[in-house]
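The exercises below concern a two-chain structure, and each comes with a worked solution. Have the sequence and the coordinates open while working through them.

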Amino acid sequence: MAKWNQKDLLGLENLSSEQIELILSTAESFREISTRGIKKVPTLRGKTVVNLFYEPSTRTRVSFEIAAKRLSADVININTETSSVKKGETLIDTGLSIQALKADVIVVRHNASGAAAMLARHVDISVVNAGDGWHEHPTQALLDIFTLKQKLGHIKGLKVSIVGDIAHSRVARSNIWGLTKLGAEVTVCAPELLIPPEIEKMGVSVTSSIERALAGADAVNVLRMQFERDTDTAFPKQLEYFRNFAITEERLKKAKKDIIVMHPGPINRGTEISSAVADGKNSVILDQVTNGIAIRMAVLFLISQARRAQ
Amino acid sequence: MSILIKNGRLIDPQGKIDKVCDILVEKNRVKSISKTINTKAKEVIDAHGCIVLPGLVDMHVHLREPGREDKETIASATCAALKGGVTSLLAMPNTTPCIDSPQAVSLLQKIIDKTAKANVLIAGAITRGRKGHEPVNIAGLKAKGVMIVTDDGASVDDDKVLLKVMQQAKKQGMIVMCHCEDKLLSKRGSVNRGLTSTRMGLRGISKESEFKRVERDIAIAEKAGARVHIAHVSCKESAEIIRKAKKRKIRVTAETCPHYFALSETDVIDFDTNMKMNPPLRGKEDVAAIKKALADGTIDVIASDHAPHTDNEKDIEFERAAFGVIGLETELAVAVTELLHPGIIDWKRIIEVLSINPAKILGVKKGALAQGDDADIVIIDPEEEWIFTKQGILSKSKNSPFINRKLKGRPIYTIFAGKLAYSGRERA
């Protein structure tokens, strides 16, 4: 088994398949802790994890907080609305201050692609990317893959389609790297304007037909459509998008009977997914939320171990 | 002051010289060249194993003074230039104030006279404030000795304005230098559009945004009968358009920069903002096309596009970081490393693109080292391997994409106006 030797988790692009498998198997061993009466182990006792979120997030921040607390770490949440960030402090200065407070891990969410990588270059403590711009969201992809593996037993050879705003999605990018490294066949599906240039060179198939994306797929990962985003791209209208791309019961009838439906949340019912599907038997959306804790526990554990070794 | 350079290989393509010899410099000129010179001189330089060539003429340099002396000054930039073997350079007009009037030229000239350590030439703007609307007084600039105008950093979007300026420039015998970028196509991008922008999750700058403007600017120059110089060519398509225009005998010249043949878009993948410039680093086939265009004469000039920025403007989120890299201290060494040693071009061509051609375009009598010529000289050890470090940078700003890069060929001495202006070696 591969050894983990990195102080940071910035993305899946630069991880090997062995490293990804190691996170998944570590998460598997942590999963059981959340089912205990006393949901806590002393693994990271005395460590401090700082959640530094420059973008609104409930799910990811809470998931990291719970993961850290179940490992007995102390958790600080920095709200950028009330911190010196509003006074113009740079990300690097904020990072150095957190380091000077003797924290051990910064979990960072930022609206600029590459922000986590930049922060990691300037601090010696660990950095976990909780989403940077349109670039990567590694723990989300890891929990998606973990859920798939839990349901289907393996990743290699699976046909997985990712549907939605691929161009602006860090979830899509991290999933593409993770899934292709583990041997899945990935198809991305979106209106043409929301397909970023040359994405096929990342090793995926591209289609603008939802029927084609669903045909024969073992799983479909439905991305949230953010109509409020990016004014310089011509976005489809909400209703038009629902008509042409939403995952509905009718569409699922033509897909594999036990196709797995995933969504990173928060879901927009009636936009990219119908309520019936979101709550239906194919949906694993809430399993994903639960699995996110084990994945984040595994990541916090592995990077802390690596830093101690350095 | 006299300097005797012993046993160097002097290469001066204009004087058709390529031989190992001694060179005597007296006052600010080449006094004599001979197999052996035994005259006593104040300074004696042992150039055994080294190449002696005319000082570089860099026609694309952002000095930042006046206005942004925190990034660079004329004094600091010219020191950096001499270290890199550059003895003449052209100052871009995007300073504060902008060099868009005879008065601004006078102001800049005063600072140059007082502080410059090398020969600094002045480029004027094409439009008032480089805003693209109101043509500058070309004749007025000409009267102040300005030979070339450019809105570098911006492209003149209005065809009519550009045509008007080019017609004026033709009348005055001036050259218009074009920054080719259609902002409608490149807007808010920060890396090459394609797999790189997709992988990094950034907006892309397409090659179209560049080459469509190259095409347009050449067409307008042709219509006006003016001479046009295309700045910082980065992609295959632009090179092809220029190649075709030259075949049709249009008076176009073109430059590229060391980063466009020494680096490619894969160097930017780790979000290193020292790899961020405009136009952006392109793909492998573009790099190959730029090298070919340098070798076959399509691209006439290598210029640094030296663009200093402070850490405050570079050490931030990638998409918010300033565009541009410094290059005066590395351009000769990078060209020798990436073009000469791999056999893509020879010494003669190195000297043409870095010295002779830019001197000709700018109309200055530089780029030659025959008897009686200006004693602007670089002595380079072509075999010395060295690592370019951040600590060694003389420029006020440190935003070089070549930090920690191993280079082969190091400028050892620079003589400017007959004086030893830079020495990279302990001498007896």
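**Exercise 1.** Leaving aside neighbours within four places in sequence, with which residues is A:Leu300 in contact?

Solution. Note beforehand that the model is predicted. Step 1: discard the residues within four places of A:Leu300 in sequence. Step 2: list what remains, namely A:Leu44, A:Val49, A:Ala67, A:Ala68, A:Leu71 and A:Val105. Step 3: place A:Leu300 in a wider setting. The largest nonpolar core has 237 residues, and A:Leu300 is among those with the most contacts inside it, together with A:Ile106, B:Ala91, B:Val149 and B:Val176. Helix α11 (residues 285-309) of chain A gives the most to this core, with ten residues. Domain 1 (17-137 + 292-309) and domain 2 (139-288) of chain A each supply at least three residues to the core.

**Exercise 2.** Describe how strand β1 (residues 48-53) of chain A is covered and paired.

Solution. Step 1: check burial. Five of the six residues of β1(A) are buried, so that the strand is mostly covered. Step 2: take the pairing with strand β2 (residues 74-79) of chain A. β1(A) and β2(A) run parallel and share six bridges; within this pair, A:Leu52 has A:Ile78 as its bridge partner. Step 3: trace the connection. From β1(A) the chain passes through helix α2 (residues 59-70) of chain A to reach β2(A), a β-α-β crossover that is right-handed. Step 4: take strand β3 (residues 105-110) of chain A, which also pairs with β1(A) in the parallel sense, over five bridges. Here A:Asn51 has A:Val107 as its bridge partner.

**Exercise 3.** Characterise the contact between domain 1 and domain 2 of chain A.

Solution. Step 1: fix the bounds. Domain 1 of chain A covers 17-137 + 292-309, and domain 2 covers 139-288. Step 2: locate the C-alpha centres of the two domains, which lie 26 Å apart. Step 3: count the residues in contact: domain 1 gives 18 and domain 2 gives 20. Step 4: assign the domain 1 side to elements. Those giving two or more residues are α1, β4 (126-132) and α11 of chain A, and α1(A) has the largest share, five residues. Step 5: sort the domain 1 side by class, which yields eight nonpolar, six polar and four charged residues.

**Exercise 4.** Is A:Trp4 buried or exposed, and what does A:Trp4 touch?

Solution. Step 1: find A:Trp4 in the segment before α1 (17-31) of chain A. Step 2: apply the cut-off. A residue is buried if 20 or more other C-beta atoms lie within 10 Å of its own; A:Trp4 has 21 and is therefore buried. Step 3: list the contacts. Not counting residues up to four places away in sequence, A:Trp4 touches A:Gln19, A:Leu22, A:Leu302, A:Gln305 and A:Ala306.

**Exercise 5.** Which residues does A:Ser174 touch, not counting those up to four places away in sequence?

Solution. Step 1: locate A:Ser174 in helix α6 (residues 170-181) of chain A. Step 2: with 26 C-beta neighbours inside 10 Å, A:Ser174 counts as buried. Step 3: list the contacts, which are A:Gly11, A:Leu12, A:Glu136, A:His137, A:Pro138, A:Gln140 and A:Ala141. Step 4: compare sequence and space for one of these. A:His137 is 37 residues from A:Ser174 along the chain, and their C-alpha atoms are separated by 5.8 Å.

**Exercise 6.** Analyse the contact between chain B and chain A.

Solution. Step 1: count the residues, 18 from chain B and 21 from chain A. Step 2: on the chain B side, helix α6 (residues 195-200) of chain B provides the largest share, five residues. Step 3: by class, the chain B side has six nonpolar, five polar and seven charged residues.

**Exercise 7.** Inspect the backbone at A:Pro266, B:Pro66, B:Arg130 and B:Asp305.

Solution. Step 1: check omega.

- The peptide bond from A:Gly265 to A:Pro266 is cis, with omega near -10°; A:Pro266 sits in the loop between β9 (260-262) and α10 (275-278) of chain A.
- The bond from B:Glu65 to B:Pro66 is cis, with omega near 5°; B:Pro66 belongs to the loop between β6 (56-61) and α1 (74-84) of chain B.

Step 2: check phi.

- B:Arg130 is not a glycine, yet has a positive phi near 55°. B:Arg130 is buried, with 22 other C-beta atoms within 10 Å.
- B:Asp305 has a positive phi of about 50° and is not a glycine either. B:Asp305 counts as buried, with 28 C-beta neighbours inside 10 Å.

Note on methods
Residues are numbered from 1 along each chain as its sequence is written. Chains are lettered from A and ligands numbered from 1 in the order in which they are written. This is a predicted model: local features need pLDDT of at least 70, side-chain atom pairs count only at pLDDT 80 or more; totals for chains, interfaces and linings use all residues. Two residues are in contact if their C-beta atoms, placed from the backbone, lie within 7 Å. Helices (H or I, at least four residues) and strands (E, at least two) are DSSP runs, numbered from the N terminus. Ala, Val, Leu, Ile, Met, Phe, Trp, Tyr, Cys and Pro count as nonpolar, Asp, Glu, Lys and Arg as charged, and the others, Gly among them, as polar. A residue is buried if 20 or more other C-beta atoms lie within 10 Å of its own, exposed if 12 or fewer, and partly exposed in between; C-beta atoms are placed from the backbone. Two strands pair if DSSP finds at least two bridges between them. A crossover is right-handed if, with the strands pointing away from the viewer, the path from the first strand over the helix to the second runs clockwise. A nonpolar core is a set of buried Ala, Val, Leu, Ile, Met, Phe, Trp, Tyr and Cys residues joined through C-beta atoms within 7 Å. Domain bounds come from an automatic or database domain assignment.
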